[in-house]
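Visitor: I would like a close look at the space inside this protein and at the residues packed around that space. Could you take me through it?

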Amino acid sequence: MTVTRADLERCLDLVKGSVVEPRVGLFGPTSRTWHIAREGVVFLAGGAAALQQLAHPFVAHGVAEHSVTREDTFGRFLRTFENVYAMIFGPLDRALRSARAVHAIHERVTGVMPLPAGSWSAGARYQANDKGALRWVFTTLIINAVRAYELVIDPLEEHEKDDYYAESRRFALLFGLEEDDLPPSFAAFERSFDDTVRSGAIVVTPPARELADYLLAPPHPALGLAWRWYTLVTASLLPEPLREGFGFSFGPREQARVETSILAIRRAYPRIPARLRHVPAYTAAERRLASGDAYVREPDTGRPFLLKLLLRMSRAAVL
(Lines give C-alpha, C1' and ligand atoms only; values in the text may rest on other atoms or scores of the structure.)
Protein backbone atom coordinates (compact mmCIF):
# COMPACT_ATOMS: atom_id res chain seq x y z
CA MET A 1 0.00 0.00 0.00
CA THR A 2 1.39 3.38 -1.04
CA VAL A 3 1.08 6.69 0.82
CA THR A 4 -0.23 9.13 -1.79
CA ARG A 5 -0.02 12.91 -1.72
CA ALA A 6 -3.66 12.99 -0.70
CA ASP A 7 -2.92 10.57 2.15
CA LEU A 8 -0.03 12.74 3.31
CA GLU A 9 -2.07 15.95 3.18
CA ARG A 10 -4.83 14.32 5.25
CA CYS A 11 -2.20 13.40 7.84
CA LEU A 12 -0.70 16.90 7.76
CA ASP A 13 -4.16 18.34 8.43
CA LEU A 14 -4.28 16.18 11.56
CA VAL A 15 -0.89 17.54 12.58
CA LYS A 16 -1.99 21.14 12.04
CA GLY A 17 -5.12 20.52 14.07
CA SER A 18 -3.11 19.13 16.99
CA VAL A 19 -0.49 21.89 17.25
CA VAL A 20 -1.40 24.68 19.66
CA GLU A 21 1.55 27.00 18.96
CA PRO A 22 2.86 26.78 15.38
CA ARG A 23 5.99 28.74 16.35
CA VAL A 24 6.91 26.01 18.86
CA GLY A 25 6.29 23.19 16.43
CA LEU A 26 5.09 19.65 16.94
CA PHE A 27 6.50 19.09 20.42
CA GLY A 28 8.19 21.85 22.40
CA PRO A 29 10.68 22.15 25.28
CA THR A 30 8.60 20.24 27.85
CA SER A 31 8.12 17.22 25.59
CA ARG A 32 9.76 13.85 26.05
CA THR A 33 10.71 14.02 22.38
CA TRP A 34 12.87 17.13 22.77
CA HIS A 35 14.39 15.73 25.96
CA ILE A 36 15.62 12.63 24.12
CA ALA A 37 16.27 13.93 20.60
CA ARG A 38 18.38 16.90 21.75
CA GLU A 39 21.15 14.57 22.95
CA GLY A 40 23.97 14.12 20.47
CA VAL A 41 24.54 10.66 21.87
CA VAL A 42 21.47 9.53 19.90
CA PHE A 43 23.86 9.48 16.92
CA LEU A 44 25.54 6.55 18.65
CA ALA A 45 22.72 4.40 17.27
CA GLY A 46 22.48 6.24 13.96
CA GLY A 47 24.55 3.64 12.14
CA ALA A 48 22.45 0.80 13.52
CA ALA A 49 19.24 2.58 12.47
CA ALA A 50 20.62 3.17 8.96
CA LEU A 51 21.65 -0.48 8.54
CA GLN A 52 18.33 -1.70 9.87
CA GLN A 53 16.59 0.50 7.31
CA LEU A 54 18.79 -0.87 4.53
CA ALA A 55 17.79 -4.39 5.56
CA HIS A 56 14.35 -3.63 4.11
CA PRO A 57 14.84 -4.59 0.43
CA PHE A 58 12.68 -1.68 -0.76
CA VAL A 59 14.93 0.77 1.09
CA ALA A 60 18.18 -0.85 -0.06
CA HIS A 61 17.19 -0.97 -3.73
CA GLY A 62 15.69 2.51 -3.60
CA VAL A 63 18.87 4.00 -2.15
CA ALA A 64 21.17 1.97 -4.42
CA GLU A 65 19.35 2.86 -7.63
CA HIS A 66 18.13 6.40 -6.94
CA SER A 67 20.66 8.03 -4.61
CA VAL A 68 24.08 9.67 -4.67
CA THR A 69 25.02 7.69 -1.59
CA ARG A 70 28.23 6.31 -3.09
CA GLU A 71 29.48 9.78 -3.93
CA ASP A 72 28.56 11.33 -0.57
CA THR A 73 27.59 8.64 1.91
CA PHE A 74 28.24 10.69 5.02
CA GLY A 75 26.58 13.75 3.52
CA ARG A 76 23.43 11.78 2.76
CA PHE A 77 23.42 10.50 6.33
CA LEU A 78 23.53 14.07 7.63
CA ARG A 79 20.91 15.34 5.17
CA THR A 80 18.54 12.66 6.40
CA PHE A 81 18.95 13.94 9.94
CA GLU A 82 18.49 17.54 8.77
CA ASN A 83 14.95 16.70 7.66
CA VAL A 84 14.27 14.62 10.76
CA TYR A 85 15.45 17.41 13.05
CA ALA A 86 13.48 20.02 11.11
CA MET A 87 10.37 17.95 11.79
CA ILE A 88 11.19 17.51 15.48
CA PHE A 89 12.57 20.92 16.44
CA GLY A 90 11.37 23.28 13.71
CA PRO A 91 8.28 25.49 13.71
CA LEU A 92 5.16 23.92 12.23
CA ASP A 93 5.59 25.34 8.74
CA ARG A 94 9.19 24.07 8.58
CA ALA A 95 8.13 20.59 9.72
CA LEU A 96 5.34 20.46 7.12
CA ARG A 97 7.71 21.67 4.41
CA SER A 98 10.20 18.91 5.24
CA ALA A 99 7.44 16.30 5.25
CA ARG A 100 6.26 17.35 1.79
CA ALA A 101 9.84 17.52 0.49
CA VAL A 102 10.67 14.01 1.69
CA HIS A 103 7.44 12.64 0.22
CA ALA A 104 8.14 14.32 -3.12
CA ILE A 105 11.63 12.83 -3.26
CA HIS A 106 10.20 9.42 -2.41
CA GLU A 107 7.63 9.67 -5.20
CA ARG A 108 10.46 9.39 -7.72
CA VAL A 109 11.95 6.32 -6.05
CA THR A 110 10.30 3.31 -7.69
CA GLY A 111 11.61 0.24 -9.43
CA VAL A 112 11.60 -3.53 -9.72
CA MET A 113 13.33 -6.06 -7.48
CA PRO A 114 15.80 -7.88 -9.76
CA LEU A 115 16.16 -10.90 -7.46
CA PRO A 116 14.09 -12.53 -4.72
CA ALA A 117 14.84 -11.27 -1.21
CA GLY A 118 13.24 -12.75 1.88
CA SER A 119 9.48 -12.68 1.43
CA TRP A 120 9.82 -10.55 -1.73
CA SER A 121 9.86 -12.23 -5.11
CA ALA A 122 11.88 -11.19 -8.15
CA GLY A 123 9.90 -8.68 -10.18
CA ALA A 124 8.13 -7.18 -7.16
CA ARG A 125 7.77 -3.42 -7.50
CA TYR A 126 9.29 -1.31 -4.75
CA GLN A 127 8.27 2.23 -3.84
CA ALA A 128 9.85 4.51 -1.27
CA ASN A 129 6.38 5.67 -0.21
CA ASP A 130 5.30 2.10 0.47
CA LYS A 131 3.56 2.22 3.85
CA GLY A 132 5.36 -0.87 5.16
CA ALA A 133 8.77 0.55 4.27
CA LEU A 134 7.91 3.93 5.80
CA ARG A 135 6.68 2.25 8.97
CA TRP A 136 9.93 0.30 9.21
CA VAL A 137 12.07 3.44 8.78
CA PHE A 138 10.00 5.25 11.42
CA THR A 139 10.31 2.26 13.77
CA THR A 140 14.10 2.15 13.49
CA LEU A 141 14.38 5.87 14.29
CA ILE A 142 12.27 5.67 17.44
CA ILE A 143 13.61 2.34 18.74
CA ASN A 144 17.25 3.34 18.30
CA ALA A 145 16.82 6.80 19.83
CA VAL A 146 15.51 5.16 23.00
CA ARG A 147 18.25 2.53 23.02
CA ALA A 148 21.04 5.08 22.61
CA TYR A 149 19.58 7.33 25.31
CA GLU A 150 19.26 4.46 27.76
CA LEU A 151 22.67 3.09 26.89
CA VAL A 152 24.53 6.27 27.82
CA ILE A 153 22.28 8.55 29.88
CA ASP A 154 19.56 6.85 31.94
CA PRO A 155 17.07 4.00 31.71
CA LEU A 156 13.54 5.19 30.98
CA GLU A 157 10.52 4.07 32.97
CA GLU A 158 7.81 2.29 31.03
CA HIS A 159 5.48 5.28 31.32
CA GLU A 160 8.23 7.56 29.98
CA LYS A 161 8.66 5.31 26.95
CA ASP A 162 4.90 5.33 26.43
CA ASP A 163 4.86 9.14 26.65
CA TYR A 164 7.65 9.36 24.08
CA TYR A 165 5.94 6.87 21.82
CA ALA A 166 2.61 8.69 22.10
CA GLU A 167 4.34 11.91 21.03
CA SER A 168 6.10 10.12 18.20
CA ARG A 169 2.75 9.31 16.60
CA ARG A 170 2.54 12.97 15.59
CA PHE A 171 5.97 12.60 13.99
CA ALA A 172 4.71 9.48 12.17
CA LEU A 173 1.91 11.53 10.61
CA LEU A 174 4.59 13.49 8.72
CA PHE A 175 5.35 10.27 6.84
CA GLY A 176 1.68 9.54 6.18
CA LEU A 177 1.38 6.96 8.96
CA GLU A 178 -1.88 7.16 10.88
CA GLU A 179 -2.89 5.84 14.30
CA ASP A 180 -4.15 2.51 12.94
CA ASP A 181 -0.79 1.90 11.24
CA LEU A 182 1.07 1.67 14.56
CA PRO A 183 0.92 -0.53 17.69
CA PRO A 184 -0.88 0.90 20.74
CA SER A 185 2.05 1.04 23.23
CA PHE A 186 5.82 1.19 23.28
CA ALA A 187 6.05 -2.41 24.49
CA ALA A 188 3.89 -3.52 21.55
CA PHE A 189 6.01 -1.32 19.29
CA GLU A 190 9.17 -3.14 20.42
CA ARG A 191 7.52 -6.50 19.86
CA SER A 192 6.51 -5.34 16.39
CA PHE A 193 10.15 -4.48 15.67
CA ASP A 194 11.29 -7.97 16.73
CA ASP A 195 8.47 -9.64 14.80
CA THR A 196 9.33 -7.70 11.65
CA VAL A 197 12.99 -8.77 11.86
CA ARG A 198 11.85 -12.40 12.02
CA SER A 199 9.09 -12.05 9.42
CA GLY A 200 11.16 -12.49 6.26
CA ALA A 201 10.38 -8.96 5.12
CA ILE A 202 13.71 -7.77 6.56
CA VAL A 203 16.74 -9.36 4.94
CA VAL A 204 20.24 -8.15 4.08
CA THR A 205 20.58 -8.05 0.28
CA PRO A 206 23.77 -7.47 -1.76
CA PRO A 207 22.89 -3.77 -2.29
CA ALA A 208 22.40 -3.38 1.47
CA ARG A 209 25.81 -4.91 2.22
CA GLU A 210 27.49 -2.72 -0.38
CA LEU A 211 25.84 0.43 0.98
CA ALA A 212 26.76 -0.55 4.53
CA ASP A 213 30.42 -0.70 3.46
CA TYR A 214 30.15 2.85 2.11
CA LEU A 215 28.29 4.11 5.16
CA LEU A 216 30.79 2.69 7.64
CA ALA A 217 33.87 3.84 5.71
CA PRO A 218 35.56 6.74 7.55
CA PRO A 219 34.94 10.09 5.81
CA HIS A 220 38.59 10.96 6.43
CA PRO A 221 41.64 8.70 7.03
CA ALA A 222 42.36 10.48 10.31
CA LEU A 223 39.04 9.18 11.63
CA GLY A 224 39.90 5.52 11.05
CA LEU A 225 40.15 4.62 14.75
CA ALA A 226 36.93 6.42 15.66
CA TRP A 227 35.08 4.76 12.78
CA ARG A 228 36.33 1.28 13.67
CA TRP A 229 35.01 1.86 17.16
CA TYR A 230 31.71 3.20 15.79
CA THR A 231 31.36 0.15 13.54
CA LEU A 232 31.85 -2.09 16.56
CA VAL A 233 29.14 -0.24 18.51
CA THR A 234 26.86 -0.36 15.46
CA ALA A 235 27.28 -4.13 15.24
CA SER A 236 26.42 -4.48 18.94
CA LEU A 237 23.10 -2.68 18.41
CA LEU A 238 21.93 -4.86 15.51
CA PRO A 239 19.66 -7.89 15.97
CA GLU A 240 21.67 -11.08 15.51
CA PRO A 241 20.17 -11.98 12.08
CA LEU A 242 21.12 -8.56 10.69
CA ARG A 243 24.55 -8.63 12.31
CA GLU A 244 25.23 -11.91 10.55
CA GLY A 245 23.68 -10.68 7.31
CA PHE A 246 26.00 -7.67 7.20
CA GLY A 247 28.97 -9.92 7.92
CA PHE A 248 30.02 -8.49 11.27
CA SER A 249 32.32 -10.61 13.38
CA PHE A 250 31.02 -10.05 16.88
CA GLY A 251 31.83 -12.41 19.72
CA PRO A 252 32.51 -12.19 23.46
CA ARG A 253 35.69 -10.19 22.93
CA GLU A 254 33.92 -7.54 20.86
CA GLN A 255 31.02 -7.45 23.31
CA ALA A 256 33.43 -6.85 26.20
CA ARG A 257 35.11 -3.99 24.30
CA VAL A 258 31.76 -2.35 23.63
CA GLU A 259 30.64 -2.69 27.24
CA THR A 260 33.91 -1.20 28.49
CA SER A 261 33.66 1.71 26.06
CA ILE A 262 30.05 2.45 26.92
CA LEU A 263 30.90 2.51 30.62
CA ALA A 264 33.63 5.07 29.89
CA ILE A 265 31.24 7.15 27.79
CA ARG A 266 28.56 7.07 30.50
CA ARG A 267 31.12 8.59 32.87
CA ALA A 268 32.46 11.17 30.41
CA TYR A 269 29.29 12.26 28.62
CA PRO A 270 27.73 14.33 31.45
CA ARG A 271 30.96 16.33 31.68
CA ILE A 272 30.63 17.54 28.08
CA PRO A 273 29.12 21.06 28.10
CA ALA A 274 25.48 21.14 27.02
CA ARG A 275 26.29 23.45 24.11
CA LEU A 276 28.50 20.69 22.69
CA ARG A 277 26.36 17.75 23.82
CA HIS A 278 23.08 18.98 22.37
CA VAL A 279 22.40 18.85 18.63
CA PRO A 280 22.51 22.21 16.79
CA ALA A 281 18.83 21.94 15.78
CA TYR A 282 17.82 21.91 19.45
CA THR A 283 20.05 24.91 20.20
CA ALA A 284 18.46 26.77 17.28
CA ALA A 285 14.99 25.91 18.58
CA GLU A 286 15.88 27.28 22.01
CA ARG A 287 17.13 30.49 20.42
CA ARG A 288 13.99 30.73 18.28
CA LEU A 289 11.66 30.43 21.25
CA ALA A 290 13.73 32.78 23.42
CA SER A 291 13.78 35.47 20.71
CA GLY A 292 10.13 35.18 19.80
CA ASP A 293 11.17 34.93 16.16
CA ALA A 294 9.79 31.94 14.29
CA TYR A 295 12.51 32.22 11.68
CA VAL A 296 15.81 32.19 13.56
CA ARG A 297 18.26 30.63 11.13
CA GLU A 298 18.82 26.96 11.85
CA PRO A 299 22.48 25.93 11.65
CA ASP A 300 23.71 22.95 9.70
CA THR A 301 22.98 19.77 11.68
CA GLY A 302 26.62 19.53 11.86
CA ARG A 303 29.27 17.58 10.07
CA PRO A 304 31.80 19.22 12.45
CA PHE A 305 29.44 18.60 15.39
CA LEU A 306 29.03 14.90 14.61
CA LEU A 307 32.71 14.32 13.92
CA LYS A 308 33.75 16.03 17.14
CA LEU A 309 31.17 14.13 19.15
CA LEU A 310 32.23 10.77 17.74
CA LEU A 311 35.87 11.60 18.39
CA ARG A 312 35.08 12.53 22.00
CA MET A 313 33.13 9.32 22.53
CA SER A 314 35.76 7.11 20.90
CA ARG A 315 38.53 8.72 22.97
CA ALA A 316 36.48 8.29 26.13
CA ALA A 317 36.18 4.61 25.24
CA VAL A 318 39.98 4.27 25.37
CA LEU A 319 39.98 1.61 22.67
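Guide: What follows goes from the chain as a whole to its cavities, a pocket, an aromatic group and two buried side chains.

Please keep in mind that this is a predicted model. The chain has 16 helices and 2 strands, and 54% of its 319 residues are buried. Take the contacts between residues at least 6 apart in sequence: 77% of these join residues at least 24 apart.

Let us begin with the enclosed space. There are 3 cavities of 30 Å³ or more, and the largest cavity holds about 230 Å³. Its lining consists of 19 residues, with V84, I88, L141, A145 and Y164 nearest the centre. Five helices, α2 (32–37), α3 (46–54), α5 (73–89), α7 and α8 (158–173), each give at least two residues to this lining. By class, 15 of the lining residues are nonpolar and 4 are polar, while no charged residue takes part.

Now for a space of the open kind. The second largest pocket has a volume of about 180 Å³. Of the 14 residues lining this pocket, H56, G132, R135, W136 and T196 are the closest to its centre. Helices α7 (131–152) and α9 (186–198) each supply at least two of the lining residues. The lining of this pocket is made up of 7 nonpolar, 5 polar and 2 charged residues.

W136 leads us on to Q52, since Q52 touches W136. Q52 is found in helix α3, and its relative accessible area is 0%, so Q52 is buried. Leaving aside residues up to four places away in sequence, Q52 also touches T140, N144, F193, L237, L238, P239 and L242. There is a long-range neighbour to point out as well: V203 lies 151 residues from Q52 along the chain, yet their C-alpha atoms are separated by 9.2 Å.

Next come the aromatic rings. The whole structure contains 16 aromatic pairs. In one of them, Y165 and F189 have ring centres 4.6 Å apart and ring planes at 35°, so the pair is tilted. This pair links distant parts of the chain, with Y165 in helix α8 and F189 in helix α9, 24 residues apart. Both Y165 and F189 are buried. They also belong to one aromatic cluster, together with F138, F171, F175 and F186.

Our last stop is E39, in the loop between α2 and α3. How buried or exposed is E39? The cut-off for a buried residue is under 20% relative accessible area. E39 has a relative accessibility of 5%, so E39 counts as buried. Which partners does the E39 side chain meet through polar contacts? One polar contact, of 2.7 Å, joins the side chain of E39 to that of Y269. Another, of 3.2 Å, runs from the side chain of E39 to the side chain of R277. Again leaving out residues up to four places away in sequence, the residues that E39 touches are Y149, I153, Y269, R277, H278 and V279.

To look back over the tour, the largest cavity has a lining without charged residues, whereas the lining of the second largest pocket includes 2 charged residues. Q52 and E39 are both buried, and E39 has polar contacts with the side chains of Y269 and R277.

Technical notes:
Residues numbered from 1 in each chain as written. Predicted model: local features only at pLDDT ≥ 70, side-chain atom pairs only at ≥ 80, totals over all residues. Heavy atoms only, no water. 1 Å grid on protein atoms, 1.4 Å probe; cavity = no way out; pocket = protein on both sides within 12 Å on 5 of 7 lines; lining within 4 Å. Points joined across faces, edges and corners; volume = space filled by probe spheres on them. Helix = DSSP H or I, 4+ residues; strand = E, 2+ residues; numbered from the N terminus. Nonpolar A, V, L, I, M, F, W, Y, C, P; charged D, E, K, R; others polar. Phe/Tyr/Trp six-rings, centres within 6.5 Å; stacked < 30°, edge-to-face > 60°. Buried < 20%, exposed > 50% of the residue type's maximum accessible area, 1.4 Å probe, protein only. Polar contact = N/O pair within 3.5 Å; in protein donor to acceptor, adjacent residues only side chain to side chain. Contact = heavy atoms within 4.5 Å.
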